[in-house]
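This report introduces a single protein chain to a reader who has not met it before. It takes up the charged pairs, then the nonpolar interior and surface, and ends with the overall build.

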Amino acid sequence: MDNTSKIKPLLAIIAVNFAWGFDFIAIEYLMNYMPAQVLTMTRTMIGAAVMLVWCLVSKGGLKIKREDWPRVFFSGAVGFSIYFSIESMGTGMTSASFSSLIMATVPIFGMIGDRLFYGNRITVTKVICVIASIAGVYLLVSGEPMGINFKGTALMLVAALLWALYIIIVKPLYDKYDLPTLLAGMFSSGAIVSIPIAVFTTQPGTINLNITCIAIIIATSVVCIIIGEFGYIYSIGMLSVTMVSIFENVLPVTAVVFSLIIFGNMLSGIQIAGGLIIMLSVTVMAIWGEKK
């Protein structure tokens, strides 16, 4: 793709990462009132209900070919359920800052997968941009407590690998189905997997919702999950796996910015430098990453 044709998917992936940066703050708030597995199940079920009704009304049903269901199911199970469960467990055993740093390795897995599955070259520019973005994330979170243990680190590495795998697996489906159909199948698959996870891992008395929590769940389900996945899968379909995955490292930047706006948490010089490095690396990747 030339730079002009990349503008729309790049804008979409940037908008999605800004929305997900805000979602991190919403999740942090909601964790005081409900377990992560229950939140994942609830939002996935809302997404499934909305998209299934959409397909039923506009298309007369969910029309996915039998041979594509394994890929659709795996994409939904991993991207909408298993990944979030493993990430929440890993974060609980380490810290949000350390988890962000480990998840910054997603572009490495994405770049390797891009080469193995789609034959895209691992260029010098790609390698430099990926390393620079990881360094930027480190500077961004280095001032925060780093809770490091072996099991938590292993879980976060698995989460990073799963998210890169999700991008790789879902990419071919974009050319075969419209987004409402694809999302309906994936949300439904994610709901099927997330329900037993939530039921069997949630302790009694750990859910204590109020009207504010319910409003946040509904709003983030629509804006961050449903609309966010529309933009994300659109970008996956239009851009390379490496390009999409490196933009994951914009998430800590947006989360920190929203934290500054909402809570007034001031940024240090090192954090500002880290954020600038991340933004510079993804900009270079967007303009020159596929050429050199």
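In this predicted model, Asp-23 and Arg-43 are joined by a salt bridge in which the closest N and O atoms lie 2.8 Å apart. The two partners belong to distant parts of the chain: Asp-23 sits in helix α1 (residues 7–30) and Arg-43 in helix α2 (residues 36–59), with their positions 20 residues apart in sequence. Both Asp-23 and Arg-43 are buried.

How many salt bridges does a search of the whole structure find? The search gives 3, and they are set out below.

| Salt bridge | Closest N to O distance |
|---|---|
| Asp-23 and Arg-43 | 2.8 Å |
| Lys-59 and Asp-178 | 3.5 Å |
| Lys-176 and Asp-68 | 2.8 Å |

The side chains of Lys-59 and Asp-178 meet in a salt bridge at 3.5 Å. This pair too links distant parts of the chain, since Lys-59 lies in helix α2 and Asp-178 in the loop between α7 (150–170) and α8 (179–201), 119 residues apart. Lys-59 has a relative accessibility of 30%, and therefore counts as partly exposed. Asp-178, with a relative accessible area of 33%, is likewise partly exposed.

Lys-176 forms a salt bridge with Asp-68. Lys-176 is placed in the loop between α7 and α8, whereas Asp-68 is placed in the loop between α2 and α3 (69–93), 108 residues apart. Is each partner buried or partly exposed? Lys-176 is partly exposed because its relative accessible area is 45%, while Asp-68 is buried because its relative accessible area is 7%, under the 20% limit for burial.

The interior may be considered next. The largest nonpolar core contains 68 residues, and those with the most contacts inside it are Trp-163, Tyr-166, Tyr-232 and Phe-247. Helix α7 gives the most to this core, contributing 11 residues. Apart from neighbours within four places in sequence, Phe-247 is in contact with Leu-10, Ile-13, Ile-14, Asn-17, Val-282 and Ala-286. There is also a second, separate core of 8 residues, which includes Leu-30, Met-34, Val-38 and Met-41.

Nonpolar side chains are also found at the surface. Ile-207, Leu-209, Ile-211, Ile-214, Ile-218, Val-222, Val-223 and Ile-227 form a nonpolar patch there, with about 700 Å² of accessible area together. One of these residues, Ile-214, is found in helix α9 (residues 211–238). Ile-214 counts as partly exposed because its relative accessibility is 39%, which falls between the 20% and 50% limits.

The overall build remains to be described. The secondary structure of the protein comprises 12 helices and 0 strands. The radius of gyration is 18 Å, close to the 19 Å that the globule rule gives for 292 residues, so the protein is as compact as a globular protein of that length. Along the principal axes, the C-alpha atoms fill a box of roughly 45 × 45 × 35 Å.

Buried residues account for 51% of the 292 residues. The protein exposes about 13400 Å², of which carbon and sulfur atoms supply 72%. Among contacts between residues at least 6 apart in sequence, 90% join residues at least 24 apart.

Methods: Residues are numbered from 1 along each chain as its sequence is written. This is a predicted model: local features need pLDDT of at least 70, side-chain atom pairs count only at pLDDT 80 or more; totals for chains, interfaces and linings use all residues. Side-chain values use heavy atoms; hydrogens and water are left out. Patches are made of residues with over 30% relative accessible area and no salt bridge: like charges are joined within 9 Å, nonpolar side chains (Val, Leu, Ile, Met, Phe, Trp, Tyr) within 5 Å. Accessible areas come from the Shrake-Rupley method with a 1.4 Å probe; for residues, only the protein chains shown count as cover. A salt bridge is a side-chain nitrogen of Lys or Arg within 4 Å of a carboxyl oxygen of Asp or Glu. Helices (H or I, at least four residues) and strands (E, at least two) are DSSP runs, numbered from the N terminus. Buried means under 20% relative accessible area, exposed over 50%, partly exposed in between (1.4 Å probe, protein chains only). The radius of gyration is taken over C-alpha atoms; the globule rule is 2.2 Å times the number of residues to the power 0.38. Contact means heavy atoms within 4.5 Å. A nonpolar core is a set of buried Ala, Val, Leu, Ile, Met, Phe, Trp, Tyr and Cys residues joined through side-chain atoms within 4.5 Å.
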